[in-house]
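Open your viewer and get ready to click through a few selections. Each stop tells you what to pick next and what you will find there.

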Amino acid sequence: NFTASLRVLAAALGASGRIDEARRVAARLLEMDPGFRVTPFSEGYAFRDRERRLALAEHLRAAGLPD
């Protein structure tokens with residue numbers, strides 16, 4: 001029930017193609033943080049490498065999280 005963990009789990013599941021599970025985690029994340037949006041989150045994430053931030057955003061979107 002920690003939103004940071006749910007974000008990472010949703011992205012990991014989305015990246016691995018486990019979309020149904022990723023969407024369940026994403027739904028829980030949105031219950032806890034209804035204002036979560038992929039773009040502002042990923043643009044401010046601590047990865048130095050822009051490509052890693054873009055990949056993170058792609059995986060979060062695959063989990064069904066909104067931009």
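## Stop one: helix 1

Select helix 1: its 13 residues reach 18 Å from the first C-alpha to the last, close to the 18 Å expected at 1.5 Å a residue. Keep in mind as you go that this is a predicted model.

Now colour Leu6, Arg7, Ala10, Ala11, Leu13 and Gly14, the buried residues in helix 1. They cover an arc of only 165° around the axis, which puts them on the same side of helix 1. What do these buried residues of helix 1 pack against? Their partners are helix 2, helix 3 and helix 4.

Step just past the end of helix 1 and click on Gly17, where phi is positive, at about 85°.

## Stop two: Val25 in helix 2

Next, pick Val25, which lies in helix 2. Is Val25 buried or exposed? Its relative accessibility is 13%, so Val25 counts as buried, the limit being under 20%.

Show the surroundings of Val25. Not counting residues up to four places away in sequence, Val25 touches Leu6, Leu9, Ala10 and Leu13. You have already coloured some of these: Leu6, Ala10 and Leu13 are among the buried residues of helix 1.

For a distance to try in the viewer, join the C-alpha atoms of Val25 and Leu65: they are 40 residues apart along the chain and separated by 9.8 Å.

## Stop three: the loop at Gly35

Follow the chain from helix 2 (19–32) into the loop that leads to helix 3, and select Gly35 there. With a relative accessible area of 54%, Gly35 is exposed. Draw a line from the C-alpha of Gly35 to that of Ala22: these residues are 13 apart along the chain, and the line spans 18 Å.

## Stop four: Ser42 in helix 3

Continue into helix 3, residues 38–43, and pick Ser42. Ser42 counts as buried because its relative accessibility is 4%. Which backbone oxygen lies 3.3 Å from a polar atom of the Ser42 side chain? That oxygen belongs to Thr39. Leaving aside neighbours within four places in sequence, Ser42 is also in contact with Arg53 and Ala57. Remember that pair, as both will come up again in helix 4.

## Stop five: the aromatic cluster

Show the side chains of Phe36, Phe41, Tyr45 and Phe47, which form one aromatic cluster. A pair of aromatic rings is described by the distance of the centres and the angle of the planes. The whole structure holds 3 aromatic pairs. In one of them, the rings of Phe41 and Tyr45 have centres 5.3 Å apart and planes at 55°, so the pair is tilted. Turn next to Tyr45 and Phe47: their ring centres are 4.8 Å apart and their planes are at 65°, so this pair is edge-to-face.

How much of each ring-bearing residue is accessible? The table lists three members of the cluster.

| Residue | Relative accessibility | Class |
|---|---|---|
| Phe41 | 18% | buried |
| Tyr45 | 31% | partly exposed |
| Phe47 | 24% | partly exposed |

Before moving on, add Arg52 to the view. Arg52 lies over the face of Phe47, at 4.1 Å from the ring centre.

## Stop six: helix 4

Start at the beginning of helix 4, where a side-chain oxygen of Asp49 reaches to within 3.2 Å of the backbone nitrogen of Glu51. Then select the whole helix. At 1.5 Å a residue, the 13 residues of helix 4 should span 18 Å, and the end C-alpha atoms are indeed 18 Å apart, which agrees.

Which residues of helix 4 are buried? They are Arg53, Leu56, Ala57 and Leu60. These cover an arc of only 100° around the axis, which puts them on the same side of helix 4. An α-helix has 3.6 residues a turn, so residues three or four places apart point the same way. The buried residues of helix 4 pack against helix 1 (3–15) and helix 3. Rotate to the other side of helix 4 to find Glu51 and Glu58, which are exposed.

## Last stop: Gly64

Finish in the segment after helix 4 (50–62), at Gly64. This glycine has a positive phi, near 95°. Gly64 is partly exposed, with a relative accessible area of 36%. Finally, connect the C-alpha atoms of Gly64 and Val8: the two residues are 56 apart along the chain, and their C-alpha atoms are separated by 14 Å.

Key. Residues numbered from 1 in each chain as written. Predicted model: local features only at pLDDT ≥ 70, side-chain atom pairs only at ≥ 80, totals over all residues. Heavy atoms only, no water. Helix = DSSP H or I, 4+ residues; strand = E, 2+ residues; numbered from the N terminus. Buried < 20%, exposed > 50% of the residue type's maximum accessible area, 1.4 Å probe, protein only. Polar contact = N/O pair within 3.5 Å; in protein donor to acceptor, adjacent residues only side chain to side chain. Contact = heavy atoms within 4.5 Å. Phe/Tyr/Trp six-rings, centres within 6.5 Å; stacked < 30°, edge-to-face > 60°. Lys NZ or Arg CZ within 6 Å of the ring centre and 35° of its normal. Expected span 1.5 Å × (residues − 1). Arc of directions from axis to C-beta.
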